[in-house]
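Let's take a walk through this structure, starting with its charged contacts and then moving on to the core and the surface. Have the viewer open as you read.

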Amino acid sequence: MPTARKTDPVADGPAVIPVAEGEDPWTADELAEVRDELTDEVARLERAIAVAEAGLQDLFSDGSDGAGRDPADVGSTNFERDQEMSLAANAREMLDQAQLALRLFDSGNYGTCESCGQPIGKDRLQVFPRATLCMTCKKREERR
């Protein structure tokens, strides 16, 4: 089973990303595609967070005390605010994951499970480039 090897991408070309047993090695084009996808996702999530935070600012500044307002309107506003806060928190978590994956990619440590040290698997990373756990460890984590 191949292991990860840190390289200097400028001097040595792209890092060797480990693959699961039975998978073909990464090609330079596949690695570029994954890195581009991670970079695009970081930018998209940063924009989504900015929009969500602007929406939250509007909700917080829109008569937050509820004085003289219909209780149904207050409840609706509170619901919208909670939903926006949840969406923003989710986007921040996904941004953190994408940034971590990008750092691991650039440092030559991408594709290795952070729990067991085995390859995450090329197929999994092509579908979910932010993955930091192999399927076995991810399933174990979800059962907890």
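Which side chain meets Glu-41 in a salt bridge at 2.4 Å, N to O? It's Arg-130. Keep in mind that this is a predicted model, so treat the distances as computed values. Arg-130 sits in the loop between α4 (122-127) and α5, while Glu-41 belongs to helix α2, so this pair ties together parts that are 89 residues apart in sequence. Both partners, Arg-130 and Glu-41, are buried; for Glu-41 that's because its relative accessible area is 11%, under the 20% cut-off.

Glu-41 has another partner, too. The side chain of Arg-44 meets Glu-41 in a salt bridge at 3.7 Å, N to O. This one is a local affair: Arg-44 and Glu-41 both lie in helix α2, three residues apart, or about one turn of the helix. Arg-44 is partly exposed, with a relative accessible area of 39%. Put the contacts together and you get a network of salt bridges linking Glu-41, Arg-44 and Arg-130.

Now slide along to Glu-53, whose side chain forms a salt bridge with that of Arg-92 (3.0 Å, N to O). Glu-53 is in helix α2 and Arg-92 is in helix α3, so here the pair ties together parts 39 residues apart in sequence. Glu-53 counts as partly exposed at 38% relative accessibility, and Arg-92 is partly exposed as well, at 34%. In total, the model has six salt bridges.

Staying with helix α3 (residues 71-107), look for Arg-81. Is this arginine buried or exposed? Arg-81 counts as buried, because its relative accessibility is 11%. Its C-alpha atom is 6.4 Å from that of Leu-56, although the two residues are 25 apart along the chain.

On to the nonpolar side of things. The largest nonpolar core has 24 residues, and those touching the most other members include Trp-26, Val-34, Leu-38 and Tyr-110. Helices α2 and α3 each supply at least two residues of this core, with α3 giving the most, seven residues. In soluble globular proteins, nonpolar side chains tend to be buried together.

Finally, the surface. Asp-29, Glu-33, Asp-36, Glu-37 and Asp-40 gather there in a patch of negative charge. Asp-36, in helix α2 (residues 28-61), is partly exposed at 46% relative accessibility. A patch of positive charge is made up of Lys-139, Arg-140, Arg-143 and Arg-144. Within that group, Arg-143 is found in helix α5 (residues 135-143) and is exposed, with a relative accessible area of 66%.

Technical notes: Residues numbered from 1 in each chain as written. Predicted model: local features only at pLDDT ≥ 70, side-chain atom pairs only at ≥ 80, totals over all residues. Heavy atoms only, no water. Patch = residues over 30% accessible without salt bridge, like charges linked within 9 Å, V, L, I, M, F, W, Y side chains within 5 Å. Areas by Shrake-Rupley, 256 points an atom, 1.4 Å probe, with all protein chains shown as cover. Salt bridge = Lys/Arg side-chain N within 4 Å of Asp/Glu carboxyl O. Lys, Arg positive; Asp, Glu negative; His and termini not counted. Charge placed at Lys NZ, Arg CZ, Asp CG, Glu CD. Helix = DSSP H or I, 4+ residues; strand = E, 2+ residues; numbered from the N terminus. Buried < 20%, exposed > 50% of the residue type's maximum accessible area, 1.4 Å probe, protein only. Core = buried A, V, L, I, M, F, W, Y, C linked by side-chain atoms within 4.5 Å.
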